Amino acid sequence: MAGESRKRKVGLLYDERMCKHDTPDGDDHPECPNRIKAIWEMLQRTGLAQRCVVLGGSKAEDKHLQLVHTKEHVNLVKSLSTKKKDSRRNKIASKLDSIYLNGGSSEAAYLAAGSVVEVAEKVAEGELDCGFAIVRPPGHHAEADEAMGFCLFNNVAVAASYLLNQRPDLGVKKILIVDWDVHHGNGTQKMFWKDPRVLVFSVHRHDGGSFYPTGDDGDYDKVGEGAGEGFNINVPWEQGRRCGDEDYIAVWDHILIPVTKEFNPDLIFLSAGFDAAIGDPRGGCFVTPYGYSVMLKKVCVVFSVLIGLAWFFSPELLQYVISQLMEFAQGKIVMALEGGYNLGSVAKSSLACVQVLLEEKQIQDSFEEYPYESTCRVIEAVRKRLCAYWPSLADELPWEAKTPSSPRCIREAKLTILSIRYKKQAESLRASLEVALEEKAALQTKVVELQGEKLRLQDKYAAEAKEAAEQLTQVSSELREAKIDLDFQRELFKKAGEEKKLLEGRVLKLEAELQQEASDKLRLRISRDRYAAEVKEAAEHLAKVRSELRDVQIDLNLHRKLPKKAKKVM
Ligand code: Q9C
Ligand code: ZN
């Protein structure tokens, strides 16, 4: 519906595993794991992450990495995880320019590249309107066959090449890469040097070729070659210039935006380093979070020349056209983190950008000051060098871009305030350093004292320990003896029990025997008595029988005598 714009689907990719890439010995390094943590925490704390589609990382495929890197380079990075020895990795790293490696480097590098591919694919498919891949290690310095400048794989180049060469079905035929990292994107430049499908734009400190990566690759006369001639644009800041919002916006207004209108890309990658941010320890520039949000907004909004026409009619119409363009899956933007070494600046700048992606920020594009004169010179030189390829650059510059000057009082004031703040910080640091040093000295004497005490105590404890050990042996031998005693007594007790049982058995047996004997005796007495009676009776009977016998004998004798007598008589 007109006016009522659909809610933008903004992808946010964060994966903790990319924190595993770190210095091998835990030494401090500006390209540290906390960079992406700080961004992620800021986006969560402010509730912005909750309004986005949050994605986890995924590892790049070798064949996709090989779209822009040599096989050898891919294999080298892959082998880092299997070469378990730190010394081996340190040796490899020492041969490279500004590279450290540890056991987590390989996985993180694969994740960083794969994650940009993942977000780019989703944006190209229309599943997301735009997205921000919060990745590390960064990528834009990595060349086809070489890691350098804290970069292992060229994450953005891999993703751009993937869309163009592997996914023609998604209809992405022209890609713009905007690189606002404070360093020149040398790797990206080389990878698409002859490729007219990819317009590479980089604005960076050049300092006459003395700023990293040194040399003249980043100069404005490097415009590409062959079919790619005119499709490489460098905006090199001059020596010692502390560029800020106004300088960057002037470059946007007079170079990047007109060229983008002409090129009319299907998708835009943003190599979003935040080391040109105010407060960055290496960049020395002055871009504010607001400046970044304006730069991003301008890039988002410029997908069609229609906008220019609408602007001609009315600002309201412009707003309407913008919302419509956003609505119809235009403004396909894929942001990928590159450098940026002040955690606070990086987090705040990222926050401002995500607010723009979510369309939750009003942008007025008004600045307090004008660009540096040197900025205007650079802009004119770039326009002159490239106007043959991009006719809109041949137009006369508006007067305010040609006559910048005016005192840079606010910028200078900011600088002064910043330097005063730093001086104060340094002073307070020095003061606390002195206190700390005193404390250190005191602590050192204390340490010496404690060491003496420690030695004394060690002796004392050693003697005590010896004594205790002796006591222990004694106690244990006593214990052993006691145990033997106990065993003996237990044995005795057992034997006594057995004997008791034996005796009890014997007693029972004896009792039984006695009882038997008693009863036998009783039986005997009874039978003896009866016997005696019988004997007596028998004796009596015998006596009777005997007397009877005698009588009989007498009778017999008598009888015997009778016949004789009778005979005699007869
Ligand atoms: N003397 C990115 O911002 N500086 N890389 C090395 C050697 C390297 C920066 C200084 C700076 C690399 C992604
Ligand atoms: Zn950088």
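Asp247 has a relative accessibility of 0%, so it counts as buried. This holds for a predicted model, as does everything below. Asp247 belongs to helix 8, which covers residues 245–263. The side chain of Asp247 comes within 2.9 Å of the backbone nitrogen of Gly244.

The metal site comes next. The zinc ion, ligand 2, takes its protein donors from Asp181 (OD, listed twice), His183 (ND1) and Asp275 (OD), at 2.0 to 2.7 Å. Along the chain these donors follow the spacing D-x1-H-x91-D. Distant parts of the chain are thereby linked: Asp181 sits in the loop between strand 4 (175–179) and helix 7 (186–191), while Asp275 sits in the loop between strand 7 (267–272) and helix 9 (289–301), 94 residues apart. Both Asp181 and Asp275 are buried.

Two of the zinc donors, His183 and Asp275, also appear around ligand 1. That ligand has 14 residues around it, and those that come nearest are Ser98, Gly149, His183, Asp275 and Tyr341. By class, the shell consists of five nonpolar, six polar and three charged residues. An N or O atom in the side chain of His183 is 3.2 Å from an oxygen atom of ligand 1, and a polar side-chain atom of Asp275 lies 3.1 Å from an oxygen atom of the ligand. Gly149 uses its backbone instead, with an N or O atom 3.0 Å from a nitrogen atom of ligand 1. The protein buries 73% of the 410 Å² that ligand 1 exposes when taken alone.

Next to Gly149 in numbering is Phe150, which lies in the loop between strand 3 and helix 6. Most residues other than glycine have a negative phi, and most peptide bonds are trans. Phe150 has a positive phi of about 70°, and it is buried because its relative accessible area is 12%, under the 20% limit. The loop between strand 3 (130–133) and helix 6 (155–166) also holds Pro137, and the peptide bond from Arg136 to Pro137 is cis, with omega near 0°. Another cis bond runs from Tyr212 to Pro213, with omega near -10°; Pro213 is in the loop between strand 5 (198–205) and strand 6 (232–237).

Glu359 also has a positive phi, near 55°. Glu359 lies in the loop between helix 12 (343–357) and helix 13, and at 27% relative accessibility it counts as partly exposed. Helix 13 itself has 14 residues, 373–386, and spans 20 Å from its first C-alpha to its last, close to the expected 20 Å. Its buried residues include Ser374, Val378, Val382 and Leu386. An α-helix has 3.6 residues a turn, so residues three or four places apart point the same way.

Notes:
Residues are numbered from 1 along each chain as its sequence is written. Chains are lettered from A and ligands numbered from 1 in the order in which they are written. This is a predicted model: local features need pLDDT of at least 70, side-chain atom pairs count only at pLDDT 80 or more; totals for chains, interfaces and linings use all residues. Side-chain values use heavy atoms; hydrogens and water are left out. A residue is near a molecule or strand if one of its heavy atoms lies within 4 Å of it. A polar contact is a pair of N or O atoms within 3.5 Å; within protein, one must be able to donate a hydrogen and the other to accept it, and residues adjacent in sequence count only if both atoms are side-chain atoms. Accessible areas come from the Shrake-Rupley method with a 1.4 Å probe; for residues, only the protein chains shown count as cover. Ala, Val, Leu, Ile, Met, Phe, Trp, Tyr, Cys and Pro count as nonpolar, Asp, Glu, Lys and Arg as charged, and the others, Gly among them, as polar. Helices (H or I, at least four residues) and strands (E, at least two) are DSSP runs, numbered from the N terminus. The expected span of a helix is 1.5 Å times one less than its number of residues. Buried means under 20% relative accessible area, exposed over 50%, partly exposed in between (1.4 Å probe, protein chains only). Donors are N, O and S atoms within 2.8 Å of the metal (3.2 Å for Na, K and Ca); water is not among the atoms, so sites may look incomplete.
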